[in-house]
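The exercises below are meant to be worked through with the sequence and the structure open side by side. Try each task before reading the solution that follows.

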Amino acid sequence: MQSNYVTQKLSMLFLIIGLGWAMNTLAAISGITGSSFNLTAKKDYISTPDGNSIPMWGYANGTGLMQYPGPTLIVNQGDTITIILKNELPQPVSIVFPGQTGVTATGGIAGLITREAAAVSAPVADRTVTYTFTATHAGTYLYHSGTRPELQIEMGLLGALIVRPTGFNASNPTAYNHPHTAYNYEYLFLLTEIDPNIHELVEFNQLNNVDNTAYFPAYWMLNGRAAPDTLLAENNQLLPHQPYNCLPRMHPGDKLLMRVIGGGRDLHPFHHHGNHALVIAKQGRLLESTPGAGPDLATSVFTIPSVPGETVDAIFEWNGADLGWDIYGHQPGDPLEAGEYAPDHGKPIPVILPEGQNLAFWWFLERQSIFRK
Amino acid sequence: MNVISRGYLVPLLLGLPFLFVVNPISANVFVQCPGDIDGDAVIDTPDPNHPHAKCMHLSGGDGFITMADGKEMYIFGFADVTGLTPGEAMITALLSANMPSPAIVLNEGDEFYLTLTNVGMVLRPDLFDAHTIHWHGFPQAAPVFDGVPDASLAIKMGASFTYYYKVNDPGTFMYHCHVEATEHMQMGMLGNLYVKPAQNGTPFTYQGKTYTQFAYNDGDGSTGYDVDFAIQMGSFDPEFHDASEAVQPLPFAHMKDTYPMLNGRGYPDTIISTALPAPSKNGGKVSQKQSSLITANQGKRILLRLSNLNVTEFYTLASLGIPMQIVGKDAKLLRGPDGKNLYYQTNSVTLGSGESVDIIFDTQNVTPGQYFLYTTNLNYLSNNTEDFGGMMTEIVIN
């Protein structure tokens with residue numbers, strides 16, 4: 001009876017995994033595409049899994065809701081990109097594009113780092129600024145406010161910029177213009193942290209009391225959500241201001257491109273279980289010895305040290321090769337799965353798993369997240 | 001005469017089965033090891049079907065260590081109970097957690113049967129935490145043996161789980177418990193784990209000297225070494241540990257590590273070559289067995305397998321007087337996809353938690369004496385409020 005219990009639980013586990021794989025149809029990172037974008041800086045609230053709600057400033061897509069992070073801008077290498085930023089916040093805001101060169105800013109008002117969209121109290125004409133640049137290099141980038149960045153990036157004014165390489169083919173995608181950067185699926189991992197005290201002070205108009213020397217984050221986010229909300233679907237109606245999730249899925253044998261961005265102030269050692277990943281690029285530049293060589297300076301890691309402001313592209317693969325047993329639980333006569341490592345086909349699991357009463361299961365997590373709609 | 005009213009009878013009868021299902025009535029120590037006939041995880045008669053089998057039995061529980069300033073710190077951790085019968089193992093393992101946890105040393109090609117027995121927390125009878133072993137960085141991991149409780153299975157108190165690993169890849173890994181990882185890792189369930197390459201035993205001559213031990217299957221002897229050491233950087237927050245010992249709420253987001261360590265010791269305990277004396281609070285069990293002193297004769301090549309496994313900080317470790325050559329990173333020979341050599345020389349390495357490097361120190365032209373290996377995060381050259389200590393050890397060249 002007890003071993004049946006384990007079998008039943010394991011079957012459920014595999015069913016969940018199987019369903020996850022079967023449901024997976026998203027090959028690309030969600031965001032807004034094109035060469036011309038309208039962003040609006042505004043304020044609203046995000047939710048955290050502990051039940052808290054945090055006042056934020058963020059970029060909205062046009063007249064849409066404020067979102068954290070801002071819309072992921074997906075553009076094509078070589079295109080001239082225009083971003084029109086409108087401001088609804090009580091202080092000036094702007095956008096800078098680390099890694100892009102020749103950015104021009106027009107309109108708005110003068111600022112320290114770039115031209116800014118004036119505060120909501122200013123004349124309407126000053127509240128809009130336009131940025132233009134040519135996306136000369138493929139890769140993963142960050143964009144964020146260039147106005148009081150020590151405050152405004154913490155408040156949420158940041159987002160990801162992805163530049164597709166010249167000749168990009170969505171059915172056979174590459175991260176850069178080289179076949180060794182091919183992938184089947186891509187996922188964004190925008191790492192940020194939040195110190196809720198700063199957000200409270202801003203909400204109560206106590207800006208002068210913000211003390212960056214006392215910075216102490218208490219929330220850590222992937223794509224604007226903390227676990228287990230990261231596992232919820234995209235555009236979940238319970239999280240209207242956090243449209244992006246972070247639930248990478250792939251089939252054995254597929255190549256999964258991780259686009260990792262350090263969007264906060266702290267370093268984070270970002271560990272992926274399962275296998276090594278090949279780091280092919282940093283800061284939107286392929287790790288190659290000579291132009292056109294491909295990622296010949298790439299290294300395999302099991303932990304990606306994510307550095308503030310830095311982006312990393314890494315390719316993850318897993319097929320369970322040479323485990324010494326058949327992870328699918330096949331009988332020797334069963335057909336092979338796609339991507340299955342054939343030499344282990346039909347080999348039984350080499351140890352007896354404990355009886356169910358001796359095992360702890362973390363089912364509550366699944367109940368709270370994956371099945372919550 | 002007492003009569004159970006029918007109103008109570010139905011829920012009582014419905015509840016009875018749960019009472020028996022939930023109770024760990026058949027929990028026991030259960031070691032699985034091919035060729036072991038008495039359950040002590042020692043192979044008695046090699047099983048011809050498993051010629052490369054290797055077994056180990058670890059217990060997971062609580063214990064104490066002594067910090068370099070004398071403070072006795074409550075910890076969670078693993079202890080090695082290989083060679084003990086199941087009955088002995090259970091009794092011996094109580095309150096015997098080690099820091100760092102026992103080193104796991106394997107050879108490429110091993111079939112590794114690792115039994116974990118959860119012996120419970122003696123000082124925290126209110127806890128009924130499960131434990132797992134996560135082999136951090138294991139290539140091509142299977143979720144069931146990866147130790148992530150959310151994705152697989154964790155073992156409850158009084159019972160055993162045997163992990164199976166087909167050890168295909170050499171390199172410097174690390175291991176830890178993954179149940180409530182922030183808590184169990186801050187509490188000390190952390191250990192060294194490394195795999196020696198299949199190339200070992202085959203002589204290669206490199207720079208005029210012949211080696212038979214290597215960090216990786218390099219094909220040219222360039223990772224050859226004479227002596228090797230494994231050191232894990234780490235750190236503890238005393239307030240967290242004290243709160244755990246005193247059954248208080250744990251300061252998760254306010255964690256602040258103030259005891260930086262190498263292999264579970266702060267300087268000057270790091271340079272003691274033997275096990276530290278047993279703390280008083282755990283009943284006199286020796287719990288800090290791994291030194292972090294590096295010694296070699298002049299001219300020898302030293303391999304240092306360095307990992308960082310703490311919960312809060314990146315640490316930089318610097319070498320004064322003997323350059324570092326980095327030949328491996330995250331359990332991979334440091335070469336590009338096409339074999340391009342990416343080894344580099346440096347005086348320091350910076351590792352976040354869960355990163356590892358393989359460092360070669362060549363002592364060919366090094367004058368005999370003491371050399372320091374220390375963190376350049378200078379505030380961590382301290383043992384909490386004691387201002388000279390922390391993350392530092394010596395390389396002694398004779």
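## Exercise 1: Helix 3 of chain A

Task: state what the buried residues of helix 3 of chain A pack against, and determine which residues these are.

Solution. In this predicted model, the buried residues of helix 3 of chain A have strand 3, helix 2 (149-155) and strand 11 of chain A as their packing partners. The residues concerned are Ile198(A), His199(A) and Val202(A). Around the axis they cover an arc of only 95°, and therefore they sit on the same side of helix 3 of chain A. The general background is that an α-helix has 3.6 residues a turn, so residues three or four places apart point the same way.

The next step is to follow the chain just past helix 3 of chain A, where Asn205(A) takes a positive phi of about 55°, although Asn205(A) is not a glycine. This residue belongs to the loop between helix 3 (196-203) and strand 12 of chain A. Asn205(A) has 9 C-beta neighbours inside 10 Å and so counts as exposed, the cut-off for that class being 12 or fewer.

## Exercise 2: A second positive phi

Task: decide whether Ala41(B) is buried or exposed, and locate it in chain B.

Solution. Ala41(B), which is not a glycine, has a positive phi of about 65°. Its place is the loop between helix 1 (6-22) and strand 1 (53-66) of chain B. Because 26 C-beta neighbours lie inside 10 Å, Ala41(B) counts as buried, given that the class begins at 20 or more.

## Exercise 3: Strand 10 of chain A

Task: work out how many residues of strand 10 of chain A are buried, and which strands are joined to it by bridges.

Solution. Begin with the count: 7 of the 7 residues of strand 10 (residues 158-164) of chain A are buried, so this strand is largely enclosed by the rest of the structure. Next, sort the residues by face, remembering that in a regular strand the side chains alternate between the two faces of the sheet. On one side of strand 10 of chain A are Leu158(A), Ala160(A), Ile162(A) and Arg164(A), on the other are Gly159(A), Leu161(A) and Val163(A), and both faces are covered.

Finally, consider the pairing. Strand 5 (residues 73-76) of chain A runs parallel to strand 10 of chain A and is joined to it by 4 bridges, with Asn76(A) having Arg164(A) as its bridge partner. Strand 9 (residues 139-144) of chain A runs antiparallel to strand 10 of chain A, with 6 bridges between them, and here Gly139(A) has Val163(A) as its bridge partner.

## Exercise 4: Domains and the nonpolar core

Task: find where the largest nonpolar core lies in relation to the two domains of chain A.

Solution. Chain A is divided into domain 1 (2-23 + 320-368) and domain 2 (32-317), and the centres of these domains, taken over C-alpha atoms, are separated by 36 Å. The largest nonpolar core has 178 residues, of which Phe189(A) and Ala314(A) touch the most other members. Strand 11 (residues 185-194) of chain A contributes the largest share of this core, 7 residues. Both domains of chain A give residues to the core, so the core lies between them.

To look at one member in detail, take Phe189(A): leaving aside residues up to four places away in sequence, Phe189(A) touches Leu222(A), Cys246(A), Met258(A), Arg259(A), Val260(A), Ile261(A) and Phe270(A).

## Exercise 5: Where the chains meet

Task: describe the side of chain B that touches chain A, and say which strand of chain B gives the most to it.

Solution. The contact involves 44 residues of chain B and 37 residues of chain A. On the chain B side, strand 4 (111-120), strand 6 (154-155) and strand 7 (160-166) each supply at least two residues, and strand 7 of chain B gives the most, with 5 residues. Sorted by class, this side of chain B has 22 nonpolar, 11 polar and 11 charged residues.

The last step concerns backbone pairing across the chains. Strand 20 (residues 359-360) of chain A and strand 6 of chain B pair in the antiparallel sense over 2 bridges, and Ala360(A) stands opposite Ala154(B).

Key: Residues are numbered from 1 along each chain as its sequence is written. Chains are lettered from A and ligands numbered from 1 in the order in which they are written. This is a predicted model: local features need pLDDT of at least 70, side-chain atom pairs count only at pLDDT 80 or more; totals for chains, interfaces and linings use all residues. Domain bounds come from an automatic or database domain assignment. A nonpolar core is a set of buried Ala, Val, Leu, Ile, Met, Phe, Trp, Tyr and Cys residues joined through C-beta atoms within 7 Å. Two residues are in contact if their C-beta atoms, placed from the backbone, lie within 7 Å. Ala, Val, Leu, Ile, Met, Phe, Trp, Tyr, Cys and Pro count as nonpolar, Asp, Glu, Lys and Arg as charged, and the others, Gly among them, as polar. Two strands pair if DSSP finds at least two bridges between them. The arc is that of the directions from the helix axis to the C-beta atoms.
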